[in-house]
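Colleague: Please take one helix of this model and go through it closely. I would like to know how its residues are placed and what surrounds them.

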Amino acid sequence: MQYSKIINDQRVIFGGVLVIGDRQVINPTHDQLIAAGWEEYTPPPVNIDMAKAAKIAEIAAYSDSDAVNSLTFNGIKTWLTRTVRDGYDTSITAAKNLGEANVTFMVGDKEMQLPVEQARRVLDLVQRYADACFLVIERHKIAVRALQTVEEVESYDYTKGYPEKLKL
């Protein structure tokens, strides 16, 4: 059972410690909470649109997390954001156009030299992994929007279907 009361024109849900006189009660009883001005509270039912919006927000947060955005390069866990990938793409193209043999990458806090063609391949693999993840994310959002009940939405597992993480 949850308890709430209005404080400064806002409904506040009871959070765990009740002060009674000069004592702190960690697990107050129903009667102690009622005597202190708290009332039984039943959260409003979640409607389907609210549930879908919440689930899609969870999908977006998951898609921005290390659970999706990470790879291992020479044993170091890292990630190349879209901005970093774009920067490396420009650097690789410039190095190739100038006839340079190598390009320097930062992996974590380590500097690594790679032959231009190998660097291009690494960048292409990372980009294709990111593309595949994006498609999975979008499919999950579409699937959630098609669900018909709050229960289906709340139980939907958006952590499945992602490609295997890159180990380069």
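Modeller: What follows is a close look at helix H3 and the core it contributes to.

This is a predicted model, in which local features need pLDDT of at least 70 and side-chain atom pairs count only at pLDDT 80 or more, while totals for chains, interfaces and linings use all residues. Residues are numbered from 1 along each chain as its sequence is written, and side-chain values use heavy atoms, with hydrogens and water left out.

Helices (H or I, at least four residues) and strands (E, at least two) are DSSP runs, numbered from the N terminus. H3 covers residues 82-97; at 1.5 Å a residue its 16 residues should span 22 Å, and the end C-alpha atoms are 22 Å apart, which agrees. The expected span is 1.5 Å times one less than the number of residues.

Arg-85, Tyr-88, Ile-92 and Ala-95 of H3 are buried (under 20% relative accessible area; exposed is over 50%, partly exposed in between, with a 1.4 Å probe and protein chains only). These four cover an arc of only 90° around the axis, so they sit on the same side of H3; the arc is taken from the directions from the helix axis to the C-beta atoms. Thr-83, Thr-90 and Asn-97 are exposed on the other side.

The buried residues pack against strand S8 (102-107) and helix H4 (116-146), contact being heavy atoms within 4.5 Å. From the S8 side, Phe-105 touches Tyr-88 and Ile-92, among others. Ile-92 and Phe-105 are also among the residues with the most contacts inside the largest nonpolar core, which has 33 residues. Such a core is a set of buried Ala, Val, Leu, Ile, Met, Phe, Trp, Tyr and Cys residues joined through side-chain atoms within 4.5 Å. Its largest share, ten residues, comes from H4.

How values were computed: Lists of a residue's contacts leave out its neighbours within four places in sequence.
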